[in-house]
Amino acid sequence: MFELLFLYLYFPEDKTEYIPVVLQLIGVLILAALVIRWLLKRSAIEAEEARQLEERLKAEKEQEQSN
């Protein structure tokens with residue numbers, strides 16, 4: 001029974017078969033890093049826009065209260 005669980009594992013004797021897999025892994029890791037950087041930049045931009053909007057709304061509210 002225990003041997004049946006590992007039937008899907010395949011370790012090739014010719015190690016050159018690992019090259020495409022390693023290249024794909026590197027590609028996916030680079031893509032993931034780029035997406036994370038983009039998300040962080042986009043998040044910072046949106047946070048700045050939200051801060052500016054909050055300040056503008058606060059100034060408008062104070063102006064209405066002073067009138």
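Glu 55 sits at 45% relative accessibility, so it counts as partly exposed. Its side chain meets that of Arg 51 in a salt bridge, with 2.4 Å from N to O. Keep in mind that this is a predicted model. The chain has 2 helices and 0 strands, and a search of the whole structure turns up 3 salt bridges.

**The Glu 48, Arg 51 and Glu 55 network**

- Let's stay with Glu 55 for a moment: Glu 55 and Arg 51 are 4 residues apart in helix 2, so about one helical turn separates them.
- Arg 51 also forms a salt bridge with Glu 48, and here the closest N and O atoms are 2.3 Å apart.
- That pair is 3 residues apart in helix 2, which again means that about one helical turn lies between Arg 51 and Glu 48.
- Put together, Glu 48, Arg 51 and Glu 55 are linked in a network of salt bridges.
- How accessible is Arg 51? Its relative accessibility is 37%, so Arg 51 counts as partly exposed.
- Glu 48 comes in at 33% relative accessibility and counts as partly exposed too.

**The Arg 42 and Glu 46 pair**

- Further back along the chain, Arg 42 forms a salt bridge with Glu 46, and their closest N and O atoms are 3.3 Å apart.
- Both residues belong to helix 2, and because they are 4 residues apart there, they are separated by about one helical turn.
- Is Arg 42 buried or partly exposed? With 38% relative accessibility, Arg 42 is partly exposed.
- Glu 46 has a relative accessibility of 40%, so Glu 46 also counts as partly exposed.

**The nonpolar patch**

- Now for a nonpolar feature: a surface patch of about 1000 Å² is made by Tyr 8, Leu 9, Phe 11, Tyr 18, Ile 19, Val 22, Leu 23, Ile 26, Ile 30 and Leu 34.
- Where does Ile 26, one of the patch residues, lie? Ile 26 lies in helix 2, which covers residues 18–66.
- The relative accessible area of Ile 26 is 42%, so this residue is partly exposed.
- That value also fits the patch, because patches are made of residues with over 30% relative accessible area.

**The chain as a whole**

- How much of the chain is buried? Buried residues make up 1% of the 67 residues.
- To count as buried, a residue has to be under 20% relative accessible area.
- The chain exposes about 6800 Å², and carbon and sulfur atoms supply 66% of that area.

Note on methods
Residues numbered from 1 in each chain as written. Predicted model: local features only at pLDDT ≥ 70, side-chain atom pairs only at ≥ 80, totals over all residues. Heavy atoms only, no water. Patch = residues over 30% accessible without salt bridge, like charges linked within 9 Å, V, L, I, M, F, W, Y side chains within 5 Å. Areas by Shrake-Rupley, 256 points an atom, 1.4 Å probe, with all protein chains shown as cover. Salt bridge = Lys/Arg side-chain N within 4 Å of Asp/Glu carboxyl O. Buried < 20%, exposed > 50% of the residue type's maximum accessible area, 1.4 Å probe, protein only.
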